[in-house]
Protein chains: 2
Amino acid sequence: MRVKTLCLGALCLGDATGYDIKKLFENAFNHFHSASFGSIYPSLKKLEEEGHVSHRVEAGEKHPDRKLFRVTDEGRATFLAQLAQTPASEQLRSEFMVLLFFAHLLPTEILQQKLAEMEAHYSQELNYLESLSGCEGHTSGIDFTIGMGKSVLRTKLDYLHHHRETLLASHQNRPDSQNIRQTESSS
Amino acid sequence: MRVKTLCLGALCLGDATGYDIKKLFENAFNHFHSASFGSIYPSLKKLEEEGHVSHRVEAGEKHPDRKLFRVTDEGRATFLAQLAQTPASEQLRSEFMVLLFFAHLLPTEILQQKLAEMEAHYSQELNYLESLSGCEGHTSGIDFTIGMGKSVLRTKLDYLHHHRETLLASHQNRPDSQNIRQTESSS
DNA sequence: GGACTCATGTAAGCTGTTACATGATTTC
DNA sequence: GAAATCATGTAACAGCTTACATGAGTCC
């Protein structure tokens, strides 16, 4: 789902500025999507041209002027239709898995470092999702995504803890630890 | 990690054609990355221009002519360096989570359908990874990625099974089931 | 005869990121 | 006084996908 559609969706939850939407991406959407200013502001512009949103300017005394966007009836209907059409799917992009896939080409210390890095990442994300659980005002759907995210992260951390040592042990004993270059001459 | 680097990595596992590499993306890399012909062939071309790979043509009798690529010493070194530099990270892009996040805007039947769709997806992917577990010739790193993938998918399926009914129940009783348009007049 | 697999490649276009440009206010 | 937060936007570019173009062999 493109950023434009997601911006429209964000505005279906309440009026907001481009800046507010960026924060939504950084917080609520963070564990399943991302977007930068460079895609959010042009998206809002296009949405307005298409009549899906409108805006009014709030003059600021204690903050800069802000453009507060609001979804139109037409925009809401469009989002609903797009949502219903979207097939349920998921795509992981994991540099960590790439690293593991080619782990036999890396020195053990580096592998160890990557594992530690990933564990820290997972822990941090889990902490964040746990902090969200305490908050109120979530729909049942949002609770579901948070709950699922937490379960998955716990599984990943468990998996790391239980298989880390085995992996590192067999990594050190792997064939051609240092003689990759020699193998090549056999052609 | 860009497709070009991944192609170089693929060739570090053995000589291959562009077509072979596409299959690798569809199979082995499938659960953490993807790429199409339109990015693979140009990548191989660039890699050759840069001296990271070379190729020889295998004339086919029972199959079309194929360009068999091989990594050079320089290419191998470059890949190793790039691999060691790559930070361990992960990014999920989930339309399913988006759907759940906005679930309160969808009719219950549609939500139900999306949940079923996702369950089918997860089951299919789990079956595939389970079929891989039986195969031999995996490095410990690859086994790790497969094992982790399986654990995660089982967790997701479990979560779906345990929370599906609760979600659907509270979805049907949600406020403003059908009166989204009325709410709007209060501005 | 039709569908699928094997095999290579290009061109147009979409989507999004990074970096730049600007500037006020608030917090430490 | 420095750094962070609030706030908006553009331009250049990267990277990838989709669709097209082509064609032989194999399996049902």
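Let's start with a salt bridge in chain B. Arg70(B) pairs with Asp15(B), and their closest N and O atoms are 2.4 Å apart. Arg70(B) sits in strand β2 of chain B, while Asp15(B) sits in the loop between α1 (3–12) and α2, so the pair ties together parts that are 55 residues apart in sequence. How accessible are the two partners? Arg70(B) is partly exposed, at 32% relative accessible area. Asp15(B) is partly exposed too, at 31%.

One caution before I go on. This is a predicted model.

Now chain A. Here Asp15(A), Arg56(A) and Arg70(A) are linked in a network of salt bridges. Another pair is Lys4(A) and Glu50(A), whose side chains meet at 2.9 Å, N to O. What does that pair tie together? Lys4(A) belongs to helix α1 (residues 3–12), and Glu50(A) to the loop between α3 and β1 (53–58), so the bridge joins parts 46 residues apart in sequence. Lys4(A) is partly exposed, with a relative accessible area of 23%. Glu50(A) is partly exposed as well, at 35%.

Further along the chain, Arg164(A) and Glu165(A) form a salt bridge at 3.6 Å, N to O. Is Glu165(A) buried or exposed? It counts as exposed, at 55% relative accessibility. Over all chains, a search of the whole structure finds 16 salt bridges.

Next, the DNA. Take strand D. It is surrounded by 21 residues, and the closest are Tyr41(A), Lys45(A), Arg66(A), Lys67(A) and Ser36(B). Which parts of the strand come within 4 Å of the protein? Of those atoms, 67% belong to sugar or phosphate, and the rest belong to bases.

Look at the phosphate oxygens of strand D. One is 2.7 Å from a side-chain N or O atom of Arg66(A). For Ser36(B) the distance is 2.9 Å. For Lys45(A) it is 3.1 Å.

Which elements build this surface? In chain A, α2 (18–26), α3 (37–49) and β2 (66–71) each supply at least two residues, and so does α3 (37–49) of chain B. The largest share, four residues, comes from α3(A). By class, the surface near strand D has seven nonpolar, seven polar and seven charged residues.

On to strand C. There are 23 residues around it, and Ser36(A), Tyr41(B), Lys45(B), Arg66(B) and Lys67(B) come nearest. Sugar and phosphate make up 71% of the strand C atoms within 4 Å of the protein.

The phosphate contacts again. Lys67(B) has a side-chain N or O atom 2.7 Å from a phosphate oxygen of strand C. Lys45(B) has one at 3.1 Å. From chain A, a polar side-chain atom of Ser39(A) lies 3.1 Å from a phosphate oxygen of strand C.

The elements here are α3 of chain A, plus α2 (18–26), α3 and β2 (66–71) of chain B, each with at least two residues. The largest share near strand C is four residues, from α3(B). By class, the residues divide into seven nonpolar, eight polar and eight charged.

Last item: helix α7 of chain B, residues 140–172. What end-to-end span should its 33 residues have? At 1.5 Å a residue, the expected span is 48 Å, and the end C-alpha atoms are 47 Å apart, which agrees. The helix also has a kink of about 45 degrees, centred on His163(B).

How values were computed:
Residues numbered from 1 in each chain as written. Chains lettered and ligands numbered in written order. Predicted model: local features only at pLDDT ≥ 70, side-chain atom pairs only at ≥ 80, totals over all residues. Heavy atoms only, no water. Near = heavy atom within 4 Å. Polar contact = N/O pair within 3.5 Å; in protein donor to acceptor, adjacent residues only side chain to side chain. Nonpolar A, V, L, I, M, F, W, Y, C, P; charged D, E, K, R; others polar. Expected span 1.5 Å × (residues − 1). Bend = angle between axes of the 7 residues up to and from the residue. Salt bridge = Lys/Arg side-chain N within 4 Å of Asp/Glu carboxyl O. Buried < 20%, exposed > 50% of the residue type's maximum accessible area, 1.4 Å probe, protein only.
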